[in-house]
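Reader: Hi! Could you walk me through this one?

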Amino acid sequence: MFDIVAFIPRAIVQSVPLLYGCTGEIITEKSGNLNLGIPGVMYVGGISGVIGAFAYEQACVKSGNFNSVLAVLIPLLCSLIGSLIMGLIYCYLTVSLRANQNVTGLAMTTFGVGIGNFFGGSLIKLSGADVPSIALAKTSECFARKLPFAANMGWFGKIFLNYGFLCYAAFIIAILAAVILTKTRVGLHLRAVGESPTTADAAGINVSKYKYFATCLGCMIAGLGGLYYVMDYASGVWSNDAFGDRGWLAIALVIFSIWNPLVGIFASILFGGLYIVHLYIPTGMDYMEFKELYKMIPYVVTLIVLILTSMRNKRENQPPASLGMSYFREER
Amino acid sequence: MNPFKSFHIVKRDVLPWYKAWGVRAIAIIIALIICGIVTTITTGLNPISVYGAFFQGAFGSARKIWITLQNMSILLIIALALTPAFKMRFWNIGGEGQVLAGALATAACMICLGGKLPNVVVILIMTVASVAAGAAWAFIPAFFKAKFNTNETLSTLMMNYIATQLVAFFTVVWEVPKGSFTVGIINQSTNAGWLPQIFGSKYLLSIIVALAITAAMFVYLKYSKQGYEISVVGESERTAKYVGMKTEKVIIRTMLLSGAVCGVAGLLLVGSINHTITTTINNGQGFTAVMVSWLAKFNPITMIFTSLLIIFLERGAGEISMNFGLNQSFADILTGIILFFIIGCEFFITYKVAVHKKKEKIANGKEEK
C-alpha cells in the first residue's frame, strides 16, 4: 500500500538540496550569469563543512568538551566560505576577465567535484587522524535536531515539523529571494542587469558589482545544499560521488520553475518525489533491471518539460535576455 | 588618487598568433607551477620530484606511453565530435550520453550477434549501429533546438543521464555472473566482435582512427561548404537566414555528425579497448572534451596538443595519488587549476589594459608641486 504520510517527508528531504541549488542559480541567472559550476559549488560547500566539522570533532576528542552551537556554526561558516571562494573564482573569470561562461562553469564543476572527492577520500590520511572513515555523528545530530514536539503530533508533525533547521532555511531563503527579486529596488536593479546590462549601466547601476554580488550569493546558497545533504540527509557520512547529479538537476529546475523561486519550491518537491519514486514501484526479484529504468524518470520528465516550455514560448517565461553573455561596456 | 580608476580596458586588434600562443604558454607555465605547489603542500614531495613523478606517470614506460596515447586519442575523438556543434554555438555537453549510446549499441551487437555471423559482418554491423546510435542520441536535442529553440545545454545533459540509466538497465540484463552488476569481458573465449589489432598492437587502432578523424574534421571545417555554413550560423543566425541558409537543417545535420563521431568513440571504447560495458566507461570525458575543444579554439590540429595536456595531467596526477595513497580525484583539481589559468589568459589576448597617461601626468605634476 502506498503510504503518503511516509512518502511526502522523504520527497521533501530529497528536495532540499535541489531547492538550495535552484534558488542560488535563479539569483545568479537573474544577473545574466549562467553558472554551470553549481554542481561543483555544491560539492565544495559540502566538503568545506565536512572539513570544518571534522577538525572540530577531532579537537573535541582531545579536549573533551563538545559545544553544539559551535558544532553547527563552524561547518556552516566553512561551507559558506568555501562556496564564496568558488563564486569569486567564477566571477573573476567571467565578469572581470569576460571569459566564456559555459567553459568556466564546466571547469568549476570539474574542479569542485575533484575537491570534494579528493578531500573526502584523503582527509583522514592528510590530517593523520586515527579514525576509519569520516562519520560526523555528533555534528550531524546537531544539524538534524528536530522540533521536540514533532513526534507527538501525528501525521501533521511527520509531514511539516520533522526536519532539521537547514530544511526550513531552504524554504525561507527561497521565499525571501522571490520577495527581494520582485518587490525591492535591489531586485529591480538586479533584473535590469540580467535583461540589459547596457541599459542598466546607462541608468547608473554598477553592473559588475551586481553580477559579483548575485553570483557569489547564489553560490553560497547553493553550497548550503551540499552541506544539508552531507550533514542532515547522509547523517554526517561523506562518501564520494554520493551527492551525484543533484547539482545538474538543480540547474534544470531553474528552467522548470521559469526563474521564479516560489515555483522552484514546488518544482523541487516534485523532483524530490520523482527522485525516489523508483523505490515505490513494486518490482519482483526477477525484474530487478526495471528499477534502473525507473531511475530515468526525473531526467525524462525534465527533458519533456524543457521541450514543452520552449514550445509554448510565452514572453514572461523567458530567461533573462543577456543570460550567458559577458558585458563589455565598449562593445556594441 | 584611486589607482584603479587610472586605467581602462580596450579591445585589441587581432594579436599575432605567436604572441597569443606566448600568452597561453605563460599561463600554462604559471598554472603548472601552482599545481606543483599544491602537490607539494598535500604530499610533502619536493617540487622537482613532483614534476618527475608526473612524467613518470604519463611516459614512464613503453606501456604507459601507449596507454597515454590511447586515452588521448579517445578524448581527442570526443573533442573533435563536439567541435562542429560548438562552432555553431550549439553547446553540446551531451558527449557523455552520445558516447554511451554508441558503446551500448556496440556491446549489444557483440553479445547478440557474436558467433552467429562471420566476424567481419559483426564488426561492420557494430560500426554502423554505434554511429547510428550516437547520431540518434544527438538528434533529439538538435531537433527540438532547431524547431522550438529548446535550451540545448540542458537537453543534452538530460540525455546523458537517460543514456546512463539505459546502460545500467542493460548491465543488469546482461550481467555475468548473475547478481554481480557487471557484464564482464564480452566473448572472452571467441573474441567475436573484437576490433582487429593493427601490427599486433592493441593500442594502435584508436590512435590511427583519432588521427584520421582529426585530419578529416580539419578539412571539413576549413574547406567544405558545410563547414563554412557552420561558421556562419555560429557567427550570426540572422545573417545565415538572410543569405538563404536553412539554419534548421544546418543545426540538425551538424549535430548528427557530432553524435556520429561520438558513436565512433563508443565503438572503440567497447570494441577495441575495454571489451565490456559499464555506466562509467567514458569516465566523464564528454565534459572534459568540451574544454579540450574550447582550449584549442576549435582548431582540430591544436586539439592534439590540448588533449595531450589534459591526459598528461590526469595520468601524472594519477601516479602521484597512487604513490601517496591519495584519492584519484587529485587529477581533477590540477586540471581545474590549469583550466582556470588558460580561461583567464584569454582576456589578455582579446583585451589590453590601457593606462590613462594624461591623468597620471596630472597626478605626478601635483606631487611635484
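**Contacts, core and helix packing**

Author: Happily! Beyond its neighbours within four places in sequence, Leu75(B) is in contact with Gln285(B), Thr288(B), Ala289(B), Val292(B), Ser307(B), Ile310(B) and Ile311(B); contact means C-beta atoms, placed from the backbone, within 7 Å. This is a predicted model, where local features need pLDDT of at least 70, side-chain atom pairs count only at pLDDT 80 or more, and totals for chains, interfaces and linings use all residues. Residues are numbered from 1 along each chain as its sequence is written, with chains lettered from A and ligands numbered from 1 in the order in which they are written.

Reader: Cool. How many residues does each chain bring to the contact between A and B?

Author: Chain A brings 43 residues and chain B 38 residues. On the side of chain A that touches chain B, H4(A) gives the most, with 16 residues; helices here are DSSP runs of H or I, at least four residues, numbered from the N terminus.

Reader: Switching topic: at what angle do H2(A) and H10(A) pack?

Author: About 55°, with their axes 7 Å apart; axes are lines fitted to C-alpha atoms over the stretch in contact, and angles run from 0 to 180 degrees between N-to-C directions. The two helices, H2(A) and H10(A), are therefore oblique to each other, that is, neither under 35 degrees, over 145 nor 65 to 115.

Reader: And which residues of H2(A) meet H10(A)?

Author: Among them are Gly45(A), Gly46(A) and Gly49(A) in H2(A), while those they meet in H10(A) include Gly223(A), Gly225(A) and Gly226(A).

Key:
Contact = placed C-beta atoms within 7 Å.
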